[in-house]
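Colleague: I'm new to this one and would love a close look at a single part. Could you walk me through the nonpolar interior, and then show me how its surroundings fit in?

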Amino acid sequence: MYVSENLGVNERGHLTFGGLDTLALAKEYGTPLYLMDEDLIRKNCRALLDAFGKYYDGNANVSYASKALSCVAICKIMAEEGMHLDVVSGGELFTALRAGFPAERIHFHGNNKTEEELRFGLDSKIDCFVVDNLYELERLEAIAAEQDQQVRIYFRIKPGVDAHTHSFIRTGQIDSKFGLALENGEAEEAVARALQCRHLTLAGLHCHIGSQIFDMEPFAHAAQIMIAFLAQIRRQHGVTLGELNLGGGFGIRYLPEDDPVELDECIRLLTQAVKAACDAEGFPLPRLGIEPGRSIVGPAGITLYTVGAIKEIKGIRTYVAVDGGMADNPRYALYQSPYTLAIADRAGDPRDFKATVVGRCCESGDILQEHTMIQAPRPGDVLAVLATGAYNYSMSSNYNRIPRPAMVLVSQGRARVAVRRETYEDLLRNDCE
């Protein structure tokens with residue numbers, strides 16, 4: 001049943017998380033409740049950094065993709081672990097800076113950065129912008145010229161690699177809103193134009209082929225294509241770009257049968273592919289970058305709910321309603337994302353009850369999981385959804401004017417609030433009469 005190493009069952013039959021009883025946590029902090037294991041987050045960061053030290057002499061930047069989960073507490077952890085940070089909005093940048101994250105370790109992503117965000121990044125002296133398109137290149141050059149700044153940039157490149165994931169999270173193929181394609185020559189044109197910009201320094205290239213990928217072959221293929229393009233740039237323009245970011249997308253275990261590649265092995269295979277490609281092209285090894293998010297925080301989180309109404313429709317299904325739903329986890333509504341669920345009160349019992357777990361929003365699509373197996377539920381039980389550390393809190397909303405849940409960090413057998421539970425007053429904070 002368990003999809004992460006930090007889960008267990010205690011002598012009372014209760015689900016434990018980071019060694020703590022989840023029923024006790026639910027009672028103390030209320031539900032719905034996001035729980036995050038700080039120790040596992042730190043362990044995952046160190047595994048990635050150690051792997052690059054082992055397989056690539058440490059010539060790499062590991063950037064946490066903050067879109068997976070962004071709050072002050074998480075940004076502080078990333079800073080303390082020596083990570084870099086990938087932000088995709090002014091709000092994520094503001095959060096990172098407020099947390100004291102070093103601006104020189106931040107790069108700014110996004111396919112349509114606003115004028116305000118470009119200026120915010122420049123004023124904050126971030127490390128670099130990942131430029132998505134020619135329009136952004138022109139705007140950034142104009143603003144940098146106005147401020148007489150020299151700005152480091154990467155280009156986001158579409159290498160034409162299909163990662164075989166859900167269509168909404170495939171980003172490396174030509175038909176994607178992100179980046180510049182190799183197939184039609186737009187990437188080559190962008191490089192030529194960037195090299196003519198007086199206030200922009202093209203430092204390297206970036207690609208990202210998708211998310212929740214279990215097979216390392218697409219990453220190796222993307223690395224080969226990107227190294228070949230770097231070699232082409234050197235031949236055509238006499239410029240050797242020394243940095244290459246290969247994005248993120250390493251898969252995690254949502255279901256017991258999922259078989260993700262261990263983080264150390266991901267880096268071994270990735271660096272092996274880069275070295276082979278550089279050797280084939282006669283190109284010097286670049287400083288590598290990756291930007292995992294889900295693989296760092298996803299397994300480190302669970303969400304707790306309280307079971308309410310149970311509605312059996314004979315011969316069809318049984319609906320089990322909880323006190324959260326698509327407002328705190330919209331991923332099933334968006335992607336039909338699979339999860340493992342358990343009744344925390346009787347976590348050691350067989351999961352032999354088929355349920356469709358739904359939320360409390362006034363929306364027929366408010367479903368957390370259909371036809372899933374859990375222990376027989378009762379009103380008042382605590383239900384846990386596992387592996388919810390990524391893209392749950394960060395994608396949450398106030399639909400139906402429902403306040404967002406609290407987030408609690410667990411570490412060394414202790415719990416602390418990282419994000420307070422919203423109140424009704426919080427919902428009205430920006431309303432004008």
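Modeller: Happy to! Keep in mind that this is a predicted model. The largest nonpolar core holds 91 residues. Y64, M78, F129, I153, F155, L205 and V297 are the residues with the most contacts inside that core. Helix α8, spanning residues 217-237, is the biggest contributor, giving nine residues. In soluble globular proteins, nonpolar side chains tend to be buried together.

Y64 is a good place to zoom in. Leaving aside residues up to four places away in sequence, Y64 touches L69, I74, M78, M83, H84, L85 and D86, and also P292, G293, I296 and V297. Two of these partners, M78 and V297, are themselves on the list of residues with the most contacts in the core.

There is also a second, separate core, with 37 residues, including L20, A26, Y29 and A347. L20 leads us to a sheet, since L20 in β3 is the bridge partner of F17. Strand β2, residues 15-17, runs antiparallel to β3 and is joined to it by two bridges. The open sheet has three strands in the order β1-β2-β3, with antiparallel pairing. Its edges are β1 (7-9) and β3 (20-21), each pairing on one side only.

Lastly, the cysteines: a search of the whole structure turns up zero disulfides. For C71, the nearest cysteine sulfur belongs to C75 and lies 6.9 Å away. C71 counts as buried because its relative accessibility is 6%. C278 also counts as buried, at 4% relative accessibility. The sulfur of C278 is 13 Å from the closest cysteine sulfur, in C207, so the two are too far apart for a bond.

Definitions and conventions: Residues are numbered from 1 along each chain as its sequence is written. This is a predicted model: local features need pLDDT of at least 70, side-chain atom pairs count only at pLDDT 80 or more; totals for chains, interfaces and linings use all residues. Side-chain values use heavy atoms; hydrogens and water are left out. A disulfide is a pair of cysteine sulfur atoms within 2.5 Å. Buried means under 20% relative accessible area, exposed over 50%, partly exposed in between (1.4 Å probe, protein chains only). Two strands pair if DSSP finds at least two bridges between them. Helices (H or I, at least four residues) and strands (E, at least two) are DSSP runs, numbered from the N terminus. A nonpolar core is a set of buried Ala, Val, Leu, Ile, Met, Phe, Trp, Tyr and Cys residues joined through side-chain atoms within 4.5 Å. Contact means heavy atoms within 4.5 Å.
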